[in-house]
Amino acid sequence: SYYHPFQPVSTFITFAMFSRSALYALAALLVSGAQSFSAEQSRRDALLSVSKGAAAFLVGAPALASLPEPSFAAAVPSSKELERLPLGLARVRYLLEHWEEITTKCGSNPNSKQVVRTEGGGGGFCDRTPLRVQEFLGYKSIEDPLFKVDKLMLRAAPLVDPDSFEDYLSVVEKYREKADNGSMMAYTSSWGEANPNGSKDAIDEYLERTRDEVKGTEQLLKQVCTYLDLKDLPPIKGPL
């Protein structure tokens with residue numbers, strides 16, 4: 001017989017007691033205890049079991065009831081699914097390279113909502129469109145390659161070198177937080193002028209903070225692709 005590290009967790013601890021960050025930390029601790037498995041189990045199988053359990057926690061508590069044995073190849077993303085990551089990275093880079101163009105639209109209805117009016121050339125108006133940032137981070141459409149991509153990243157954990165497993169989980173968590181912050185900041189920016197004491201200067205400030213979050217998101221997404229040995233795509237030729 002061998003000791004299964006998830007047995008006491010699934011028996012005595014409920015999903016509701018954990019923040020997402022704590023669950024990633026839990027996964028890292030369980031990795032360090034992988035040597036408790038029996039001799040006939042390889043360290044690789046131990047890490048596969050751990051990563052599956054961590055993913056089950058992060059998806060939701062009901063998944064715990066149906067945790068399979070360490071062999072769970074069906075849960076590992078296909079190469080087609082993994083293509084979402086470099087494609088999403090290319091789109092985020094396109095956003096950063098064309099930031100002003102994407103977050104500004106001139107000649108539109110000056111009374112439109114969730115945009116910020118600024119005086120443009122020729123006496124017209126240009127609308128700042130911060131919510132477009134969410135399109136590139138996967139927060140607007142289920143068709144976007146980065147839509148709920150952190151779940152895909154967790155499913156891909158078995159593909160990572162076991163020696164890098166803990167670092168990979170940490171990067172995935174940091175990516176999720178950075179992308180969430182970027183989306184939230186874009187939304188805040190979209191209403192900046194309409195809020196009490198709002199102004200165009202406030203919008204510019206929020207947009208600049210949004211860009212900083214997107215830059216961090218790009219760097220972390222690149223790290224994930226590196227861990228999974230996914231090659232960069234050529235730069236996207238717009239417009240998007």
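Let's start at Thr 103, which sits in the loop between helix H6 and strand E1 (104-106). Keep in mind that this is a predicted model. Is Thr 103 buried or exposed? Its relative accessible area is 0%, and anything under 20% counts as buried, so Thr 103 is buried. Leaving aside residues up to four places away in sequence, Thr 103 touches Asp 127, Arg 128, Thr 129, Val 133 and Leu 207.

Now step back to the whole chain. There are 10 helices and three strands in it. Going along the sequence, you meet them in the pattern α-α-α-α-α-α-β-β-β-α-α-α-α. Of the 240 residues in the chain, 43% are buried. Take the contacts with a separation of 6 or more: 70% of them link residues 24 or more positions apart.

Next comes the inside. The largest nonpolar core has 36 residues, and the ones with the most contacts inside it are Leu 85, Met 153, Tyr 168, Tyr 175, Val 224 and Leu 228. Here are the elements that each give two or more residues to this core:

| Element | Residue range |
|---|---|
| helix H5 | residues 84-97 |
| helix H6 | residues 99-102 |
| helix H7 | residues 132-137 |
| helix H8 | residues 149-155 |
| helix H9 | residues 165-190 |
| helix H10 | residues 200-227 |

Which helix gives the largest share of this core? That's H9, with eight residues.

Tyr 168 is a good residue to click on here. Not counting residues up to four places away in sequence, Tyr 168 touches Met 153, Leu 154, Ala 156, Ala 157, Val 160, Val 224, Tyr 227 and Leu 228.

Finally, have a look at a helix pair. Two packed helices are described by the angle between their axes and the distance between the axes. For H5 and H10, the angle is about 155° and the axes are 10 Å apart. Angles over 145 degrees count as roughly antiparallel, so H5 and H10 are roughly antiparallel to each other. The crossing of H5 past H10 is left-handed.

What makes the contact? On the H5 side it is Leu 85, Pro 86, Gly 88, Leu 89, Val 92, Arg 93, Leu 95 and Leu 96. H10 brings Arg 211, Val 214, Lys 215, Glu 218, Leu 221, Lys 222, Val 224 and Cys 225. Sorted by class, the contact of H5 with H10 has 10 nonpolar residues, one polar residue and five charged ones. Two names here may ring a bell: Leu 85 of H5 and Val 224 of H10 are in this contact, and both are among the residues with the most contacts inside the largest nonpolar core.

Definitions and conventions. Residues numbered from 1 in each chain as written. Predicted model: local features only at pLDDT ≥ 70, side-chain atom pairs only at ≥ 80, totals over all residues. Heavy atoms only, no water. Core = buried A, V, L, I, M, F, W, Y, C linked by side-chain atoms within 4.5 Å. Buried < 20%, exposed > 50% of the residue type's maximum accessible area, 1.4 Å probe, protein only. Helix = DSSP H or I, 4+ residues; strand = E, 2+ residues; numbered from the N terminus. Contact = heavy atoms within 4.5 Å. Axes fitted to C-alpha atoms, helices over the stretch in contact; angles between N-to-C directions. Parallel < 35°, antiparallel > 145°, perpendicular 65-115°, else oblique. Left-handed = near helix turned anticlockwise from the far one by under 90°. Nonpolar A, V, L, I, M, F, W, Y, C, P; charged D, E, K, R; others polar.
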